[in-house]
Amino acid sequence: MATLTNDWPAFLSAEVAADPNAFYRRLRAESPVHWDEGLGGYLLSRHADVGAAYRDPAFSTRNYEERLEPVFGRSLLQMDGSEHSRKRALVTPYFRGKGLTKWEPVIARNIAAILDRSVVSASDALASRFRPGDTVDLLAEFGNYLPVYVITDMLGLPHADYGRFFAWYSAHIDFLGNLARDPRIDARGRAATAELWEYLTPIIAQRRAEPGEDLISALVVAEIDGETLDDIEVCTHVTQILNAGSETTGKALASMFTHLLEQRDLFEAVRDDRSNLTPAISETLRLSPPSQMNGRQTAAEVQIEGVSIPPGSLVMLLMASANRDERRFANPDSFDPSRTDLNHEKAFTASGDHFAFGFGRHFCLGAMLAKSELEQSSSVLLDRFPDMRFAGGRVPTWAGLKMRSVESLQVTL
Ligand code: HEM
């Protein structure tokens with residue numbers, strides 16, 4: 001009797017991690033709703049299906065109760081309906097319009113401070129600042145710092161504690177990316193939350209007593225229609241904001257410079273005409289989204305592409321795959337900021353053409369802040385280092401499955 005063989009590699013295998021885009025291309029063509037035993041869930045890979053799932057309330061975020069709540073507390077991501085709208089409305093004003101403009105000088109100050117290294121060590125700031133001709137790792141020495149400094153400034157927390165913030169959010173990122181459920185990684189994530197919340201509790205009490213201009217103060221006094229936030233909710237928001245805005249933004253910056261330096265003419269086009277910068281950022285987010293997938297849990301039975309998914313199933317929305325769907329984008333694997341099938345302005349709003357910031361009700365709260373940080377920092381780097389190139393001509397390597405970017409970005413400035 002013939003035996004049916006399943007020749008699909010496991011999603012969580014080294015083979016897929018080595019080249020996820022090849023796996024996604026095959027999924028889109030042959031198995032757009034794909035069951036993966038190791039994950040214990042379904043993979044959705046086509047643009048139309050991922051977009052529909054983001055919009056459909058049958059794809060709930062209840063999975064975050066298990067995969068996020070242990071380290072974030074009950075965050076916006078797992079809420080829905082009016083609870084989500086009410087709680088999100090308390091923080092939205094600080095991330096758009098005038099509320100966002102207020103942080104622009106904070107971003108500019110932090111870019112300058114990192115390049116001068118005055119934030120790393122005041123004593124040797126002048127001796128070691130970034131200079132043309134130096135070789136640096138733009139991810140580790142710049143991209144990893146900027147978003148954390150900006151967010152900690154917004155929250156009114158000291159830069160001197162950068163090492164602790166970095167350790168805490170790294171443990172949280174590892175927890176979220178722990179699709180294989182390694183118990184040691186889970187334990188480290190939970191321990192990081194315990195430490196972070198112990199650190200935050202007296203600060204929140206102090207801001208309640210004497211509110212300042214910072215975001216923690218804004219959160220403790222925020223009130224809309226009688227809705228306020230208790231201490232645990234403030235800790236949850238701070239944990240989520242610190243986490244959601246840090247690794248993603250730094251990785252996006254490094255990925256963009258990698259794509260630009262790979263095609264020198266594009267680097268020069270952006271350097272010489274800054275109207276090309278926003279398209280380069282949004283095309284980077286399409287081709288190489290830092291966060292490559294979002295999980296959902298079906299609240300009811302759903303039918304997609306002729307496949308029935310039972311209620312209570314884990315479904316992974318593969319944004320990285322949807323963003324390269326040949327049904328939606330021409331030449332989807334090429335980096336082409338001048339492509340006409342992507343509206344670059346809309347890329348940072350909830351009606352964008354790609355899913356780097358998600359889609360629907362949980363669309364990224366910080367997309368405009370990320371845009372501002374990426375635009376400002378790229379512009380300063382291009383002004384100061386017009387001859388930037390890969391150090392030794394070495395093209396960086398990409399790594400990661402849930403979060404993905406270049407591992408490091410060694411450049412000669
Ligand atoms: C390039 C940078 C960024 C990327 C690629 C990114 C990506 C995402 C994605 C994909 C989601 C949707 C998650 C889901 O639906 O399950 C999301 C949500 C969110 N992001 Fe971002 N993000 C970035 C920057 C930021 C920044 C700077 C902040 C804030 C400081 C932030 C705060 C949030 C929050 C609070 C949510 C949850 C919103 C909700 O549930 O209503 N993000 N982000």
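**Strand pairing, helix packing and the iron site**

User: Which residue in β8 stands opposite Leu43?
Analyst: This is a predicted model, so take the pairing as something computed from it. β2 covers residues 41-44 and pairs with β8 in the parallel sense. In β8, the residue standing opposite Leu43 is Met316.

User: And how many bridges hold β2 and β8 together?
Analyst: β2 and β8 sit next to each other in the order of an open five-stranded sheet, β1-β2-β8-β5-β3, where the pairing is mixed. The two strands run in the parallel sense, and the number of bridges over which they pair is four.

User: Which strands are at the edges of that five-stranded sheet?
Analyst: Go by the order, β1-β2-β8-β5-β3. An edge strand here pairs on one side only, and that picks out β1 (33-36) and β3 (59-60).

User: What is the turn residue with a positive phi in the β1-β2 hairpin?
Analyst: β1 and β2 run antiparallel and are joined by four bridges, one of them placing Val33 with its partner Leu44 in β2. Four residues lie between the two strands of the hairpin. The turn residue with a positive phi, about 70 degrees, is Gly40.

User: On the other side of β8 there's β5. Which residue of β8 is the bridge partner of Gln297?
Analyst: β5 (residues 294-298) and β8 (residues 314-317) run antiparallel, with four bridges joining them. Arg296 is set opposite Val315 in β8. For Gln297, the bridge partner in β8 is Leu314.

User: There's also a sheet with three strands. Which residue in β12 stands opposite Thr135?
Analyst: That open sheet has the order β4-β12-β9 with antiparallel pairing, and its edge strands are β4 (135-137) and β9 (389-390). Three bridges join β4 to β12, which spans residues 410-412. Opposite Thr135, in β12, you'll find Thr412.

User: Switching to helices: are α17 and α19 parallel or oblique to each other?
Analyst: The axes of α17 (residues 277-287) and α19 come within 10 Å and cross at roughly 125 degrees. Angles of 65 to 115 degrees would count as roughly perpendicular, and over 145 as roughly antiparallel. The crossing fits neither range, so the two helices are oblique.

User: How many charged residues are in that contact?
Analyst: From α17 come Leu277, Thr278 and Ile281, and from α19 come Lys371, Leu374, Glu375, Ser378 and Ser379. Sorted by class, there are three nonpolar and three polar residues, and the number of charged ones is two.

User: What about α11 and α12: are they parallel or perpendicular?
Analyst: α11 (residues 146-155) and α12 (residues 162-176) pack with their axes 11 Å apart, at an angle of about 110 degrees. Anything from 65 to 115 degrees counts as roughly perpendicular. That makes α11 and α12 therefore roughly perpendicular.

User: How many nonpolar residues does the contact of α11 with α12 have?
Analyst: Val148, Tyr149 and Thr152 of α11 meet Tyr162, Phe165 and Tyr169 of α12. One residue of the contact is polar and none is charged, while the nonpolar count is five.

User: How far apart are the axes of α15 and α16?
Analyst: α15 (residues 231-262) meets α16 (residues 264-272) through Phe257, Leu260, Leu261 and Glu262 on one helix and Arg264, Leu266, Phe267 and Val270 on the other. By class that's six nonpolar, no polar and two charged residues. The helices pack at an angle of about 115 degrees, and the distance between their axes is 4 Å.

User: Last one: which protein residue is the donor to the iron atom of the ligand?
Analyst: Look in the loop between α18 (319-322) and α19 (367-384). The iron has a single donor from the protein, an SG atom 2.3 Å away, and it belongs to Cys364.

Conventions. Residues are numbered from 1 along each chain as its sequence is written. This is a predicted model: local features need pLDDT of at least 70, side-chain atom pairs count only at pLDDT 80 or more; totals for chains, interfaces and linings use all residues. Side-chain values use heavy atoms; hydrogens and water are left out. Donors are N, O and S atoms within 2.8 Å of the metal (3.2 Å for Na, K and Ca); water is not among the atoms, so sites may look incomplete. Axes are lines fitted to C-alpha atoms, for helices over the stretch in contact, and angles run from 0 to 180 degrees between N-to-C directions. Angles under 35 degrees count as roughly parallel, over 145 as roughly antiparallel, 65 to 115 as roughly perpendicular and the rest as oblique. Contact means heavy atoms within 4.5 Å. Ala, Val, Leu, Ile, Met, Phe, Trp, Tyr, Cys and Pro count as nonpolar, Asp, Glu, Lys and Arg as charged, and the others, Gly among them, as polar. Two strands pair if DSSP finds at least two bridges between them.
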